[in-house]
Protein chains: 2
Amino acid sequence: MMPTKEQITEWFKSLQDNICSALEKEDGKSKFAEDNWEREEGGGGRTRIIQDGDVIEKGGVLFSAVHGEVPDFLSKENAETTGSKDTFYATGVSIVIHPSNPMVPIIHMNVRYFEMSNGVWWFGGGIDLTPHYVVEEDATFFHQSLKNACQKHNANYYSDFKKWADDYFFITHRKETRGVGGIFFDRVTKSENVTKDQLFAFVQEIGNTFAPTYTKLMNKNKTLPYSEKNKQWQLLRRGRYVEFNLVYDRGTKFGLETNGRVESILMSLPKNAGWDYNFIPERSSPEEKTLSFLKKGIEWA
Amino acid sequence: MMPTKEQITEWFKSLQDNICSALEKEDGKSKFAEDNWEREEGGGGRTRIIQDGDVIEKGGVLFSAVHGEVPDFLSKENAETTGSKDTFYATGVSIVIHPSNPMVPIIHMNVRYFEMSNGVWWFGGGIDLTPHYVVEEDATFFHQSLKNACQKHNANYYSDFKKWADDYFFITHRKETRGVGGIFFDRVTKSENVTKDQLFAFVQEIGNTFAPTYTKLMNKNKTLPYSEKNKQWQLLRRGRYVEFNLVYDRGTKFGLETNGRVESILMSLPKNAGWDYNFIPERSSPEEKTLSFLKKGIEWA
């Protein structure tokens, strides 16, 4: 039974609800505030922002479902043959959480569905963890959770999508990964080996993996003590996060170039960030250790 | 008498020296530290950074002179006809100063010279002011200084290059200018009306205008009192500066894409910056007034 775009949309909405509830519960103080917005060309979204919590300093859990004429860069072939433009429908959930305690990692997830009136459709998504300080046990736990979720659906998904994440969440000019990676996949559609229903089930599995995985990392680390030096390092790591999102992130670039809702797109940026000229961490420090882990190809799980 | 690339290079070096001296003197506390670097493909630079001064929190005055094979996007026509690649030589001075007191404006200047072995050459440059709080008297003084410098060379330069700056220093996704603008010009070469010598004299005039103009604004504003609220607003304005530099600035993008020295390129970023979700200033506040001035086409001088 093939899921319709309405069913997928409703499921993404419920995912947003469930994740917001779980995050509020683990935070224990702040609640999400909701902004509903409409897109002139069709559709809109529910932007939910949480701020100044006990654990979360600034975070967003965004749902959107938009539609309209297919942008030129996607429709070119078709427009040339038929003279008329296809329409598209896109829906998804995007999350970025910036915790206040530098011992709690930053997390990001996006799950999305896209279809065009010409019958083409795909799922995409990604989830990656950006610890200010890499803790091997936590990185392994995170990757193991994703691996377990992937393995239920396809024996190759974890290794394929883990590699894709290593390549995608990479700050080329710094020659370092954004964090310890995770999984990333885009334009995945049906094939001989997989139905739409199965792909939707996989995307649901990933979506459902987010809350238990991240709240466990929040819970484990939120009461750890930290110093002013740790906070300064957090600012520098957040600076790198800003660099990735503004220079490389496809969703951000696409949103800014297509006149998307700026405040929703840039909710991914932290409350504050910093840049020190030519900062070099002390030898054998936790900061230096963290940098040594920011590379591709580490097998965490 | 046509200036040679060696003469232009030497002059840019002396400009870096003079500007660093003037800024150190007005700051009164910190001194520039110098990093010399070499470029694998040819040439190098003198990066000078000042930090934690009485007035300047973080700033850079950079000289560079690099050479090598012309990048593909510039050499295409020629390579197709001759089969061999032209070489290029590029030299210039780039400056960004982030003051600690939010009542002192951020400033940026770049002056540059480019030539290719096929005989093509041009000058480029720009200088623009980004006040955290727009003060009309200061914006007018700044533009009047630039206008005076331009008028000595060509009756159209100020109006032409002021408009160019309005268009260039624009944060499209925010629909706001980076600050109160200034002048911007690129790929200006000789014509019926102007010689290379005259263009070099104009670029020198702009370069020499920087120190007296900015140190006057430093001096006028550096002792003004400010509140925590002013500091918070400064963080948000710096966030916009980061957005401009990482998303739009051609020099930054070119540098990052061509494997330039990252720490020199990103010296333009402030020590810290911030983002508040959907921040809206109070009505009739100085912050709202400032936003009202961040648009194109204001005739300050």
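The following paragraphs describe the symmetry, interface, sheets and core of a predicted two-chain model.

Residues are numbered from 1 along each chain as its sequence is written, while chains are lettered from A and ligands numbered from 1 in the order in which they are written. Because the model is predicted, local features need pLDDT of at least 70 and side-chain atom pairs count only at pLDDT 80 or more, whereas totals for chains, interfaces and linings use all residues.

Two copies of a chain are related by a rotation about an axis and a shift along it. Here chain B can be laid on chain A by a turn of 180° with a shift of 0.0 Å along the axis, giving an RMSD of 0.0 Å, where copies are superposed by least squares on the C-alpha atoms of residues with pLDDT of at least 70 in both. That is the relation of a two-fold axis. Of the residues of chain B, B:Ala273 comes closest to the rotation axis, its C-alpha lying at 2.7 Å.

In the interface, 23 residues of chain B are in contact with 23 residues of chain A, two residues being in contact if their C-beta atoms, placed from the backbone, lie within 7 Å. The elements giving two or more residues to the side of chain B that touches chain A are strand S2 (43–51), helix H6 (228–247), helix H8 (262–265) and strand S10 (272–274) of chain B; helices (H or I, at least four residues) and strands (E, at least two) are DSSP runs, numbered from the N terminus. H6(B) gives the most to this side of chain B, with five residues. By class, the residues of chain B that touch chain A divide into 14 nonpolar, five polar and four charged, with Ala, Val, Leu, Ile, Met, Phe, Trp, Tyr, Cys and Pro counted as nonpolar, Asp, Glu, Lys and Arg as charged, and the others, Gly among them, as polar. Since 100% of the interface residues of chain B are also interface residues in chain A, the copies meet through the same surface. Pairing of strands also crosses between the chains, as strand S10 (residues 272–274) of chain A and S10(B) pair in the antiparallel sense over three bridges, two strands being taken to pair if DSSP finds at least two bridges between them. In this pairing A:Gly274 stands opposite B:Asn272.

Chain B contains an open sheet of seven strands with antiparallel pairing, in the order S1-S2-S3-S4-S5-S6-S9. Its edge strands are S1 (33–38) and S9 (181–188) of chain B, each of which pairs on one side only, and the twist averages 10° from one strand to the next. Within this sheet, strand S3 (residues 56–69) and strand S4 (residues 87–99) of chain B run antiparallel and are joined by 13 bridges, with B:Ser94 as the bridge partner of B:Leu62. Helix H4 (residues 157–168) of chain B packs on the sheet, where it touches strand S6 (121–130) and S9 of chain B, and its direction makes about 100° with that of S9(B); axes are lines fitted to C-alpha atoms, for helices over the stretch in contact, and angles run from 0 to 180 degrees between N-to-C directions.

At one edge, S1(B) is hardly covered, as the count of buried residues among its six residues is zero; a residue is buried if 20 or more other C-beta atoms lie within 10 Å of its own, exposed if 12 or fewer, and partly exposed in between, with C-beta atoms placed from the backbone. S1(B) is joined to S2(B), which runs antiparallel to it, by six bridges, and B:Glu38 has B:Gly44 as its bridge partner. The two strands form a hairpin with four residues between them, and B:Gly42 in the turn has a positive phi of about 135°. At the other edge, B:Arg187 in strand S9 of chain B has a positive phi of about 50° although it is not a glycine, and with 10 C-beta neighbours inside 10 Å this residue counts as exposed.

In chain A, helix H3 (residues 136–151) lies across strand S6 (121–130) and S9, running at about 30° to S9(A).

The largest nonpolar core has 138 residues, and those with the most contacts inside it are A:Ile183 and B:Ile183; such a core is a set of buried Ala, Val, Leu, Ile, Met, Phe, Trp, Tyr and Cys residues joined through C-beta atoms within 7 Å. Not counting residues up to four places away in sequence, B:Ile183 touches residues including B:Leu146, B:Cys150, B:Tyr158 and B:Phe161.
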